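Please open the model in a viewer and follow the stops below in order. Each stop states what to select and what is found there.

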Amino acid sequence: MSRREQILQTAARLFAARGFHGVSVSEIGAACGISGPALYKHFGSKDLLLAEMLEQISVRLRDEARRRVAAADSPAAAVTALVEHHVAFALEQPALIVVQDRDWASLPTDARERVRGLQREYVATWAEQLRLLSAARSSTSPDAEALSEDEALSEDEARATAHVVFGLVNSTPHSAVLPADEMRVLLTRSALRVLGL
């Protein structure tokens, strides 16, 4: 792991425990075994560190989601892969979930817009697959002749559904009381049930 990655991971853990404003640059440096001023060689400010932390994870989520969708052979397989990916992220990165939720407002305005744009792209990947899944179900319904593509999940409904799943899975910093493997199974099954899979 590079020093930069070490700083990002350490800062995420500290921010999650005490909040962005409750942690000093000196404390981050000390936790990484370097001085506070030495941290500035890697990040120009604590604000920029937070911005990179949240931008980096947003890019990773979006890119892996797109990769999994491209590898899937059906909407159901794509949605299942998206759920598995988000569950893995939530279990492996609970600190980032806490930081994203609690310290979002501490991002500089330009970084907030970049992260928001990346998150929209991630949600759009989910929404597209949820709409395709809904349309596929509609076409195989006994009442398929009475259904049109417009009667499948709307774009707004698909986005809302994605956020419902995120809310369920992102509860892990508070709900992960079982061993990781058991939580993975529970979260995956629960999310797939919500989606009717």
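**A tour of two pockets and one annotated domain**

The lining of the second largest pocket comprises five nonpolar residues, six charged residues and no polar ones. Note at the outset that the model is predicted.

Remain at this site, a pocket with a volume of about 220 Å³. Select A127, E128, R131, L132 and E155, which are the closest to the pocket centre among its 11 lining residues. Next, colour α7 and α8, the elements that each contribute two or more residues to this lining. The largest share, seven residues, belongs to α7.

Now move to the largest pocket, whose volume is about 530 Å³. Here 23 residues form the lining, and those closest to the centre are H86, Q100, Q119, F166 and N170. To see the surrounding framework, display α4 (46-71), α5 (75-92), α6 (94-103), α7 (109-140), α8 (155-169) and α9 (172-175), each of which supplies two or more lining residues. Which element gives the most to this lining? Select α6, which provides six residues. Colouring the lining by residue class then shows 11 nonpolar, eight polar and four charged residues.

For the last stop, select residues 1-61, the span that UniProt lists, in an unreviewed entry, as "domain: HTH tetR-type". Helix makes up 72% of this span and strand 0%. A distance drawn between the C-alpha atoms at the two ends of residues 1-61 gives 20 Å.

Definitions and conventions
Residues numbered from 1 in each chain as written. Predicted model: local features only at pLDDT ≥ 70, side-chain atom pairs only at ≥ 80, totals over all residues. Heavy atoms only, no water. UniProt positions renumbered as here; feature names shortened; annotations may be inferred. Helix = DSSP H or I, 4+ residues; strand = E, 2+ residues; numbered from the N terminus. 1 Å grid on protein atoms, 1.4 Å probe; cavity = no way out; pocket = protein on both sides within 12 Å on 5 of 7 lines; lining within 4 Å. Points joined across faces, edges and corners; volume = space filled by probe spheres on them. Nonpolar A, V, L, I, M, F, W, Y, C, P; charged D, E, K, R; others polar.
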